[in-house]
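Okay, thanks for squeezing me in. Let me put the thing up on the screen, and then I'll walk you through it.

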Amino acid sequence: MIRVICIGAGAAGLFFSLNASRSDVEVTILESNPKPGKKLAITGKGRCNITNNKPVNEFINHVVRNPKFLYSSLNQFTPQDTMEFFESHGCPLKVERGDRVFPVSDKSSSIIDCLVKEAKSSGVIFKYNEKVINCYKDNEEFVVQTKLNEYRADKLVIATGGKSYPLTGSLGDGYKFAQNFGHTIIQIKPALCPIKIKERIHKEMLDFTLKNVEILAESQHFKKKIFGDLEFLPNSITGPISLTLSSLINRFDDVRLILDFKPALDNEKLSNRILREITKTPNEDVRHLISTLLPKEVREFFIENTNFDLDKKLNSFSKQERLDLINYLKHFKLTFDGLDDIEKAVVTSGGVNVEELKQKTLESKIVNNLYFIGEVIDVDAFTGGYSLQIALSTAYAAAKDI
Ligand SMILES: Cc1cc2nc3c(=O)[nH]c(=O)nc-3n(C[C@H](O)[C@H](O)[C@H](O)COP(=O)(O)OP(=O)(O)OC[C@H]3O[C@@H](n4cnc5c(N)ncnc54)[C@H](O)[C@@H]3O)c2cc1C
């Protein structure tokens with residue numbers, strides 16, 4: 001009988017266990033929480049975007065760190081395999097915008113229940129309220145210590161997740177365990193998180209979505225434009241554009257952010273539109289002109305960070321002022337003030353160095369029979385169901401090996 005211990009009953013730990021457990025492989029999951037899948041429960045705003053129905057070669061373009069490392073595990077267990085798994089185990093799925101896959105029930109509990117049920121029927125032993133505090137190798141055996149107990153195993157799987165949303169149990173313990181086994185941790189950073197800016201966010205912006213804008217983020221070694229929707233928090237920008245950008249800029253300090261309020265209009269088209277408005281309403285003032293160009297929720301924010309004479313009549317609005325207005329609308333500077341705390345990030349970037357893991361099996365190259373799966377590894381991806389698929393695919397690859 002091979003004895004396996006898996007630390008963590010998140011997406012990766014649950015899927016690993018149900019695939020590895022069989023008559024001659026005994027799998028015990030040690031979970032610090034009183035129940036499994038606490039982070040899974042809050043995924044996709046409680047709906048759980050379990051995967052993304054793209055072929056692997058496209059899927060990989062949405063992985064930020066170490067996409068090539070994931071090729072093997074994603075090919076061993078593809079997004080389509082995930083869909084087939086849940087569909088055939090009593091959890092029907094549906095595909096939404098952007099190939100995002102959700103349970104038909106719109107409840108993450110359907111996904112958790114399915115995984116736990118399958119794990120139990122494969123014979124997995126669940127131990128809750130068992131926070132692992134230390135693990136090491138004693139000759140060929142792994143010793144895993146919790147506050148109350150000591151476990152011994154032939155193989156050890158670390159599925160402790162990242163360091164984001166610590167209330168879900170992901171406290172970054174896996175990094176400490178990995179280091180004790182001689183692994184390197186690539187510096188962890190927040191990813192998919194709000195970006196702090198120095199400009200004052202006005203009250204009326206807080207529940208508002210600024211649609212179809214573009215942000216250019218650049219630093220000395222980096223330049224990227226992202227188009228989409230932007231949302232606001234008291235000291236930061238958030239929403240799809242900001243989340244994506246945060247994953248790309250989280251290793252740079254000197255970032256410049258430039259917001260284009262009107263990406264669909266080039267300078268000439270925008271100029272014509274402004275001219276038309278001036279001709280139509282020559283006796284109106286500059287404040288009126290701005291109101292025709294921007295949604296009301298962001299007008300005061302725009303005005304506060306520009307220097308127009310708002311009471312000036314449009315019939316005396318000069319060509320230079322028109323050019324300045326175009327410039328502000330298309331190159332509005334947001335002053336980067338770092339990223340939000342890792343605790344508030346949707347995922348953790350960084351983690352166990354992939355160069356020290358076997359690509360095909362996720363086994364450590366340093367310690368035999370030790371495996372790392374899921375978010376504890378230095379891989380992360382954009383929003384859209386990619387992170388959970390990575391957890392499932394790496395879990396499957398390790399289970400197959402064992
Ligand atoms: C708000 C939010 C929404 C998200 N939505 C989505 C989404 O819709 N789609 C998507 O693909 N991804 C989403 N993600 C990301 C996704 O949830 C994670 O990438 C994924 O859960 C990682 O799985 P994991 O099993 O590696 O880690 P986790 O799910 O974090 O599980 C790790 C487990 O290990 C346990 N553990 C940790 N340390 C110990 C210890 N010392 N002893 C015992 N147990 C321990 C923890 O309690 C936890 O249960 C979201 C994340 C957040 C925070």
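I'll start with the whole chain, then go to a couple of helix pairs, the ligand, and two single residues.

So, first off, this is a predicted model, and please keep that in mind throughout. The protein chain has 402 residues, and buried ones make up 44% of them. In secondary structure, we've got 13 helices and 22 strands. If you put a box around the C-alpha atoms along the principal axes, you get roughly 85 × 40 × 35 Å. And for the contact-map people: take contacts in the chain with a separation of 6 or more, and 73% of them join residues 24 or more positions apart.

Okay, helix α1. That's residues 11-20, and 10 of its 10 residues are buried. Reading along, you go from Ala11, Ala12 and Gly13 through Leu14, Phe15, Phe16, Ser17 and Leu18 to Asn19 and Ala20. What's sitting over them? The cover includes strands β1, β2 and β11, plus helices α2, α6 and α13.

Let's stay with that last partner, α13, which is residues 386-401. The axes of α1 and α13 come within 8 Å and cross at roughly 30°. An angle under 35 degrees counts as roughly parallel, so α1 is roughly parallel to α13. The crossing of the two is right-handed. On the α1 side, the residues making the contact are Ala11, Ala12, Phe15, Phe16, Asn19 and Ala20. They meet a set in α13 that includes Leu388, Ala391, Leu392, Tyr396 and Ala399. By class, that contact of α1 with α13 has 12 nonpolar residues, 2 polar and no charged ones.

Now the ligand. How many residues surround it? There are 40, and the closest are Gly8, Gly10, Gly161, Gly169 and Gly374. The elements giving two or more residues to that shell are α1, α2 and α13, so we meet both helices of our pair again. By class, the shell splits into 17 nonpolar, 17 polar and 6 charged.

Second helix pair: α9, residues 267-280, and α12, residues 319-330. Here the angle is about 125°, with the axes 10 Å apart. That makes α9 oblique to α12. This crossing is right-handed. From α9 you've got Asn267, Leu270, Ser271 and Ile274, and they meet Arg322, Leu325, Ile326, Leu329 and Lys330 in α12. The class count for the contact of α9 with α12 is 5 nonpolar, 2 polar and 2 charged.

Last bit, two single residues. Ile241 is in helix α8, residues 240-249. Is Ile241 buried or exposed? The cut-off for buried is 20 or more other C-beta atoms within 10 Å, and Ile241 has 23, so it counts as buried. Leaving out residues up to four places away in sequence, Ile241 touches Ile215, Ile226, Gly228, Asp229 and Leu230. Phe227 is 14 residues from Ile241 along the chain, with 6.5 Å between their C-alpha atoms.

Then there's Asn75, which is in helix α4, residues 67-76. With 14 other C-beta atoms within 10 Å, Asn75 is partly exposed. How far is Asn75 from Asp260, in sequence and in space? The two are 185 residues apart in sequence, and 39 Å apart C-alpha to C-alpha.

That's my tour, so over to you.

Conventions. Residues are numbered from 1 along each chain as its sequence is written. This is a predicted model: local features need pLDDT of at least 70, side-chain atom pairs count only at pLDDT 80 or more; totals for chains, interfaces and linings use all residues. Axes are lines fitted to C-alpha atoms, for helices over the stretch in contact, and angles run from 0 to 180 degrees between N-to-C directions. Helices (H or I, at least four residues) and strands (E, at least two) are DSSP runs, numbered from the N terminus. Angles under 35 degrees count as roughly parallel, over 145 as roughly antiparallel, 65 to 115 as roughly perpendicular and the rest as oblique. A crossing is left-handed if the near helix is turned anticlockwise from the far one by less than a right angle, and right-handed if clockwise. Two residues are in contact if their C-beta atoms, placed from the backbone, lie within 7 Å. Ala, Val, Leu, Ile, Met, Phe, Trp, Tyr, Cys and Pro count as nonpolar, Asp, Glu, Lys and Arg as charged, and the others, Gly among them, as polar. A residue is buried if 20 or more other C-beta atoms lie within 10 Å of its own, exposed if 12 or fewer, and partly exposed in between; C-beta atoms are placed from the backbone. A residue is near a molecule or strand if its C-beta atom, placed from the backbone, lies within 6 Å of it.
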